[in-house]
Amino acid sequence: MSKGHAGTALYAALAEMGFFPVEELKTHYANGSRLSGHVSHHLPGVDFSTGALGHGISAAVGMAYAAKKDGKKFRAFAVLGDGECDEGSVWEAAMFANHFRLDNLVAIVDHNYMQSLDFCENTLELEDFASRWKAFGWNVEEVNGNDHAALKTAFGRIESYDNHKPSVIVADTVKGCGIRFMQNDILWHYRFPHDGWEYDCAVNELHKVKPDGVEDPYTPNGIPCPTLPAETDDIGNDHTYSYTWDTTYPEQMRRVTAGPGTSEKIKPVNHT
């Protein structure tokens with residue numbers, strides 16, 4: 001796990017596997033909780049802290065390299081965010097992995113087009129992201145990252161490669177997918193749903209798009225009497241840093257946008 005702010009998914013998996021009580025999940029992000037905003041090695045089941053973004057892929061490369069040298073058959077997987085790929089350490093690791101033919105290494109990049117306080121292309125352009133990985137010698141699979149079946153198929157295709165190259169799955173996603181007030185809203189890059197309408201509406205909207213065969217052990221029937229947002233609640237507003245950015249720099253830096261609360265793809269900003 002390199003994109004440590006996705007720790008909630010890891011915490012849930014670790015709790016279900018018995019590393020700590022499921023009840024402790026309720027302490028996530030609370031002061032003094034070991035379920036911190038970024039994953040910490042103080043938690044059972046976690047060997048590597050996150051927080052300095054761009055380092056997780058280097059750790060995975062080291063694990064894959066050690067496995068090759070020791071003649072072991074295990075594989076290393078790293079989950080990255082697209083924003084952390086601004087870090088030079090990511091591309092140093094990518095070059096190393098290709099040079100040493102680490103075909104036992106798989107990176108999965110959550111390409112949700114957002115980082116920190118804005119869209120990636122308004123922060124530091126990634127350009128043709130998949131082509132960049134190809135240029136560094138990796139096998140590349142581009143899929144809809146919000147589709148679990150598509151992800152499963154991509155992992156299967158990786159198994160068929162025999163060119164001794166590392167592989168990356170570029171998972172094209174919409175941040176907050178399935179929850180209308182979260183989709184494409186940078187506010188939810190660093191915010192979690194609080195008790196009240198945020199939590200109630202999020203749970204019920206996820207139930208509407210829950211795939212067949214998936215069970216919710218915590219709220220199996222959703223929230224029966226949900227609290228609803230008021231007209232004055234902050235929904236559908238543009239929270240990106242560049243929305244109100246006033247600069248004398250001669251080039252346009254706010255280059256892309258997407259409607260907050262929608263599932264639309266990012267699109268160029270019309271400055272005319």
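The paragraphs below lead through a predicted model, beginning with its paired strands and moving on to a helix, the nonpolar cores and the salt bridges.

A convenient place to enter the structure is strand 2 (105–111), where seven of the seven residues are buried, so that this strand is largely enclosed by the rest of the structure. Its side chains alternate in direction: Leu105, Ala107, Val109 and His111 point one way, while Val106, Ile108 and Asp110 point the other way, and all of them are buried. Strand 2 has a parallel neighbour in strand 1, to which it is joined by six bridges, and within this pairing glycine 81 has aspartate 110 of strand 2 as its bridge partner. The connection between these two strands can be followed through helix 3, since strand 1, helix 3 and strand 2 make a right-handed β-α-β unit.

Strand 2 is also joined to strand 6 by six bridges, and these two strands again run parallel. Two residue pairs help to fix the register by eye: alanine 107 has valine 168 of strand 6 as its bridge partner, and histidine 111 stands opposite aspartate 172 in strand 6. Strand 6 is itself mostly covered, with six of its six residues buried; from this strand Ser167, Ile169 and Ala171 point one way, and Val168, Val170 and Asp172 point the other way. Continuing from strand 6, the reader reaches strand 5 (residues 139–144), which runs parallel to strand 6 and is joined to it by six bridges, with glutamate 142 standing opposite valine 170. Here too a helix takes part, as strand 5, helix 6 and strand 6 make a right-handed β-α-β unit.

Helix 2 is the next element to consider. At 1.5 Å a residue, its 15 residues should span 21 Å, and because the C-alpha atoms at its ends are 21 Å apart, the model agrees with that expectation. The buried residues in this helix are Gly56, Ile57, Ala59, Ala60, Val61, Ala64 and Ala67, and the buried residues of helix 2 pack against strand 1, helix 3 and strand 2. Directly after the helix comes glycine 71, whose phi is positive, near 70°.

What do these elements contribute to the nonpolar interior? The largest nonpolar core holds 26 residues, among which Ile57, Leu105, Trp133 and Trp138 touch the most other members. Two or more residues are given to this core by each of helix 2 (56–70), strand 1 (76–81), helix 3 (88–99), strand 2 (105–111), helix 5 (129–135) and strand 6 (167–172), and the largest share, five residues, comes from helix 3. Isoleucine 57 can be examined more closely: leaving aside residues up to four places away in sequence, isoleucine 57 touches Ser2, Ala78, Leu80, Val90, Ala93, Ala107 and Trp138. Separate from this core is a second one of nine residues, which includes Val106, Val143, Leu151 and Ile169.

The charged side chains add another set of connections, with a count of 12 salt bridges. One of them joins arginine 75 to glutamate 159, whose closest N and O atoms are 2.6 Å apart; this pair links distant parts of the chain, as arginine 75 lies in the loop between helix 2 and strand 1 and glutamate 159 in helix 6 (residues 148–160), 84 residues apart. The two partners fall into separate accessibility classes, for arginine 75 is partly exposed with a relative accessible area of 28%, whereas glutamate 159 is exposed at 56%.

A further salt bridge brings together the side chains of glutamate 125 and arginine 255, at 3.0 Å from N to O. Glutamate 125 lies in the loop between helix 4 (120–123) and helix 5, and arginine 255 in the loop between helix 7 (197–208) and strand 7 (256–257), so this pair ties together parts that are 130 residues apart in sequence. Glutamate 125 is partly exposed at 34% relative accessibility, and arginine 255 is partly exposed at 28%.

The path finally returns to strand 6, where the side chain of aspartate 172 meets that of lysine 265 in a salt bridge of 2.6 Å, N to O. Aspartate 172 belongs to strand 6 and lysine 265 to the loop between strand 7 and strand 8 (267–268), and these positions are 93 residues apart. With buried meaning under 20% relative accessible area, aspartate 172 counts as buried because its value is 19%, while lysine 265, at 48%, counts as partly exposed.

How values were computed:
Residues are numbered from 1 along each chain as its sequence is written. This is a predicted model: local features need pLDDT of at least 70, side-chain atom pairs count only at pLDDT 80 or more; totals for chains, interfaces and linings use all residues. Side-chain values use heavy atoms; hydrogens and water are left out. A nonpolar core is a set of buried Ala, Val, Leu, Ile, Met, Phe, Trp, Tyr and Cys residues joined through side-chain atoms within 4.5 Å. Buried means under 20% relative accessible area, exposed over 50%, partly exposed in between (1.4 Å probe, protein chains only). Helices (H or I, at least four residues) and strands (E, at least two) are DSSP runs, numbered from the N terminus. Contact means heavy atoms within 4.5 Å. A salt bridge is a side-chain nitrogen of Lys or Arg within 4 Å of a carboxyl oxygen of Asp or Glu. Two strands pair if DSSP finds at least two bridges between them. A crossover is right-handed if, with the strands pointing away from the viewer, the path from the first strand over the helix to the second runs clockwise. The expected span of a helix is 1.5 Å times one less than its number of residues.
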